[in-house]
Amino acid sequence: MRIGTLQLAPALGETEKNIQLANDLIKDIQPRQFNLLVLPELAFTGYNFPDLSAITPFLEPTTSGTTTQWAVATAKRLQCHIIAGYPEVHTDDTTGETNNYNSTVTVSPQGEILNNYRKSFLYYTDETWATEGFRSTATKAPFFSGPLGELGKVGQGICMDINPYRFEVPWSDYEFANSMLQSGVPLVVLSMAWLTRLEPSELAIEPDRPDMETVAYWIERFRPFLENDSDREIIVVFANRCGVEGNKLGSVEVGNGNMVEEGERVCYAGSSCVMSFGQGQVRMFEKFGHEVALLGKGEEGVLVIDTDQPARFVLQQKMV
């Protein structure tokens with residue numbers, strides 16, 4: 001399977017500008033160049049909205065808003081599956097009650113909506129405007145694993161999902177990783193807006209180099225994959241964003257003339273990649289030039305890997 005991750009630095013509230021940026025980054029991609037393209041969490045709206053009133057103008061109706069429309073058109077053009085994050089507002093057909101979710105939409109190469117996953121474990125920024133996604137499911141169980149068209153059985157999560165629930169559950173419970181192991185999925189896909197401890201000035205230094213502290217943290221959150229005795233391979237896609245959001249000045253004017261309130265300054269880790277877990281090892285794939293397929297902490301672009309090719313670079317292995 002050929003998998004692409006689109007890493008970009010969306011500007012808060014600049015939806016049209018961010019869509020144009022995404023289109024520019026993928027303009028040279030040819031139809032059928034890959035089977036799956038994954039975008040970050042809240043890909044076109046930006047992430048760091050400080051409260052409900054700030055994000056409300058950018059909420060999109062369930063699988064029918066701006067992000068979904070772009071995903072459908074782009075999936076058809078590129079003849080691939082697309083997963084993209086967006087801020088969802090869902091309206092109950094019977095009661096008219098609305099709920100907001102931090103969601104991803106999955107679209108087939110034919111433009112069919114295959115899934116609408118809602119983030120289960122909310123980060124504190126999400127809690128100001130969104131509802132925990134698993135509360136809207138029949139089973140009340142977090143996360144998603146199931147068939148997604150030609151992709152086969154896939155597990156899905158969004159960013160904070162891989163952390164302990166509200167940072168209150170024991171670290172060693174590894175809720176997300178263990179759920180994926182139990183479901184037996186061969187592919188796990190994560191859309192992310194993962195933060196880094198680096199300052200803006202540090203991100204600007206060698207932006208094409210990854211934030212390896214973040215990469216190591218991701219690996220640790222999948223320790224059950226590393227310790228699993230099964231010989232089967234599990235592919236995990238980390239599709240993160242990059243850039244900086246927020247200030248201490250209050251509101252800023254966006255392209256449509258509206259004012260958007262920004263939160264405190266945050267920096268994103270970038271470093272999008274695809275990992276292979278199996279036989280007690282974590283391996284990375286190779287990209288053009290025989291380099292490790294790992295985007296930089298401040299690098300915008302598309303990373304493409306082919307899971308039919310061996311993952312040659314060993315990052316970590318289980319101690320015997």
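Here is a short conversation about salt bridges in this predicted model.

Reader: What makes the contact between Lys119 and Glu41 a salt bridge?

Author: Happy to walk you through it! The side chains of Lys119 and Glu41 have a nitrogen and an oxygen 2.7 Å apart. The cut-off is within 4 Å, so the pair counts as a salt bridge.

Reader: Why can this pair be said to tie together parts of the chain?

Author: Lys119 sits in the loop between strand S6 (113-118) and helix H4 (124-127), while Glu41 sits in the loop between strand S2 (36-38) and helix H2 (52-55), so the salt bridge ties together parts 78 residues apart in sequence. Both Lys119 and Glu41 are buried. Lys119 and Glu41 also belong to a network of salt bridges with Asp126.

Reader: How do you know that Arg209 and Glu206 form a salt bridge?

Author: Their N to O distance is 3.9 Å. That value is within 4 Å, so this pair counts too.

Reader: Why is Arg209 called partly exposed?

Author: Its relative accessibility is 48%. Buried needs under 20% and exposed needs over 50%, so Arg209 falls in between. Glu206, with a relative accessible area of 48%, is partly exposed as well.

Reader: Where do Arg223 and Glu227 lie?

Author: Both are in helix H8 (residues 223-227), 4 residues apart, about one turn of the helix. Arg223 forms a salt bridge with Glu227, with the closest N and O atoms 3.6 Å apart.

Reader: What makes Arg223 partly exposed?

Author: Its relative accessible area is 26%, neither under 20% nor over 50%, so the label fits. Glu227, at 43%, is partly exposed too.

Reader: How many salt bridges are there?

Author: The count comes to 11.

Terms used: Residues are numbered from 1 along each chain as its sequence is written. This is a predicted model: local features need pLDDT of at least 70, side-chain atom pairs count only at pLDDT 80 or more; totals for chains, interfaces and linings use all residues. Side-chain values use heavy atoms; hydrogens and water are left out. Helices (H or I, at least four residues) and strands (E, at least two) are DSSP runs, numbered from the N terminus. Buried means under 20% relative accessible area, exposed over 50%, partly exposed in between (1.4 Å probe, protein chains only).
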